[in-house]
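This report starts with one buried side chain and works outward to the whole chain. Please keep the sequence and the structure in view while reading.

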Amino acid sequence: MNKISVKNYPMVNPTPVVILGAEVEGKPNFTTIGAFGVVCLEPIFYISVKSTHHITKGIKESGFFSINLPSVDMVQKTDYCGMVSGKSVDKASLFTTFYDEHGNAPLIKEAPMNYLCKVVQNTTICGFDVFFGEILSTLTGEDYLTENKPDPLKIDPLLLMGYQYYSLGSAVGGIFKEGLSLKNNQPTSINDEINPHLNS
Ligand SMILES: Cc1cc2nc3c(=O)[nH]c(=O)nc-3n(C[C@H](O)[C@H](O)[C@H](O)COP(=O)(O)O)c2cc1C
């Protein structure tokens, strides 16, 4: 198939959409973001938020934020939290809010997974504040575990790609398992290129 060139728009990765929480001027606020992810093997997330957002002020003030992973059935509230600002609307009243002893950021009880993060580094780019947050607490409910591990299909995360929300679908293979038959048939130098983590 021939390749065709399409618009240079960065929202191409399917990514879990998350509800970011922070205390702003002494009140909880929640904001939907798609610019969120993993940066290294240490427990650190990055988030990228517009500098003018209400939540950004709170993260700068407190040095903490929460990541709340909504399930597919929270799509309406998640979308809403990305449409209105905490400057004029109390978005916290949509949820049951709680706090963790390790830091000052509100968390959402209804979300299947919650992470409390402490800002360890930040930078700015093109009108956005990018915060790197160390995960201090990871919380879930028993209903979302299988053999004591968070089960993606039970969590049923809300995914974002382009301009649509999606659900996860089904598992199609195991990490570092599906490539094994190829790896075992390759010379060592090619194995190193396939996955340096396996060899370290
Ligand atoms: C699906 C979705 C993803 C979004 N992702 C981001 C994002 O990654 N960064 C950002 O700054 N704003 C993002 N927004 C926009 C903010 O959520 C929105 O402007 C919000 O009203 C800001 O609220 P606040 O002023 O209370 O912080 C997103 C909105 C939606 C609906």
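Cysteine 81 is buried, at a relative accessible area of 1%. The model is predicted.

**Cysteines**

How many disulfides does the structure hold? The count is zero. For cysteine 81, distance gives the reason: the closest cysteine sulfur belongs to cysteine 117 and is 18 Å away, too far for a bond. A disulfide needs the two sulfur atoms within 2.5 Å. Cysteine 117 is in no disulfide either. The cysteine sulfur nearest to cysteine 117 is that of cysteine 40, at 12 Å. Cysteine 117 also counts as buried, with 0% relative accessibility.

**Threonine 31**

Cysteine 81 is one of the residues that threonine 31 touches. Threonine 31 sits in strand β3. With 8% relative accessibility, threonine 31 is buried. Leaving out residues up to four places away in sequence, what does threonine 31 touch? The list is Val18, Ile19, Leu20, His53, Ile55, Cys81 and Lys91. Serine 66 is 35 residues from threonine 31 in sequence, and the two C-alpha atoms are 10 Å apart.

**Helix α1**

Ile55, a contact of threonine 31, is among the buried residues of helix α1. This helix spans residues 54–62. Its buried residues are His54, Ile55, Thr56, Gly58 and Ile59. Which elements do the buried residues of α1 pack against? They pack against β2 (18–24), β3 (27–33), β5 (44–50), β6 (64–69), β9 (113–125) and β10 (128–140). Just after α1 comes glycine 63, with a positive phi of about 80°.

**Lysine 77**

Helix α2 covers residues 75–81 and contains lysine 77. Lysine 77 is partly exposed, at 38% relative accessibility. Neighbours within four places in sequence aside, lysine 77 is in contact with Leu94 and Phe95. Lysine 91 is 14 residues from lysine 77 in sequence. Their C-alpha atoms are 9.1 Å apart. Lysine 91 also appears in the contact list of threonine 31.

**Loop residues**

Aspartate 73 lies in the loop between β6 and α2. Its relative accessible area is 69%, which makes aspartate 73 exposed. Aspartate 73 and aspartate 156 are 83 residues apart along the chain. In space, 8.6 Å separates their C-alpha atoms.

Aspartate 156 belongs to the loop between α3 (152–155) and β13 (159–161). Its phi is near 55°, a positive value in a residue other than glycine. Aspartate 156 is partly exposed. Asparagine 148 has a positive phi of about 65°, although it is not a glycine. The place of asparagine 148 is the loop between β11 (145–146) and β12 (149–150). Asparagine 148 is exposed.

The table gathers the relative accessible areas of residues discussed above.

| Residue | Relative accessible area | Class |
|---|---|---|
| Cysteine 81 | 1% | buried |
| Threonine 31 | 8% | buried |
| Aspartate 156 | 29% | partly exposed |
| Lysine 77 | 38% | partly exposed |
| Aspartate 73 | 69% | exposed |
| Asparagine 148 | 70% | exposed |

**The whole chain**

The protein has six helices and 14 strands. Its C-alpha atoms fill a box of roughly 60 × 45 × 30 Å along the principal axes. The domain assignment gives domain 1 (15–166) and domain 2 (173–200). How far apart do the C-alpha centres of the two domains lie, and what is the value in Å? It is 34 Å.

Of the 200 residues, 34% are buried. The accessible surface comes to about 12600 Å². Carbon and sulfur atoms account for 55% of that surface.

Contacts in sequence space can also be sorted. Taking contacts between residues at least 6 apart in sequence, 60% join residues at least 24 apart. The pair of aspartate 73 and aspartate 156, set out above, is 83 residues apart along the chain.

What of charge? The protein has 15 positive and 20 negative side chains. The centres of the two sets lie 7 Å apart.

Methods
Residues numbered from 1 in each chain as written. Heavy atoms only, no water. Domains from an automatic or database assignment. Helix = DSSP H or I, 4+ residues; strand = E, 2+ residues; numbered from the N terminus. Buried < 20%, exposed > 50% of the residue type's maximum accessible area, 1.4 Å probe, protein only. Contact = heavy atoms within 4.5 Å. Areas by Shrake-Rupley, 256 points an atom, 1.4 Å probe, with all protein chains shown as cover. Lys, Arg positive; Asp, Glu negative; His and termini not counted. Charge placed at Lys NZ, Arg CZ, Asp CG, Glu CD.
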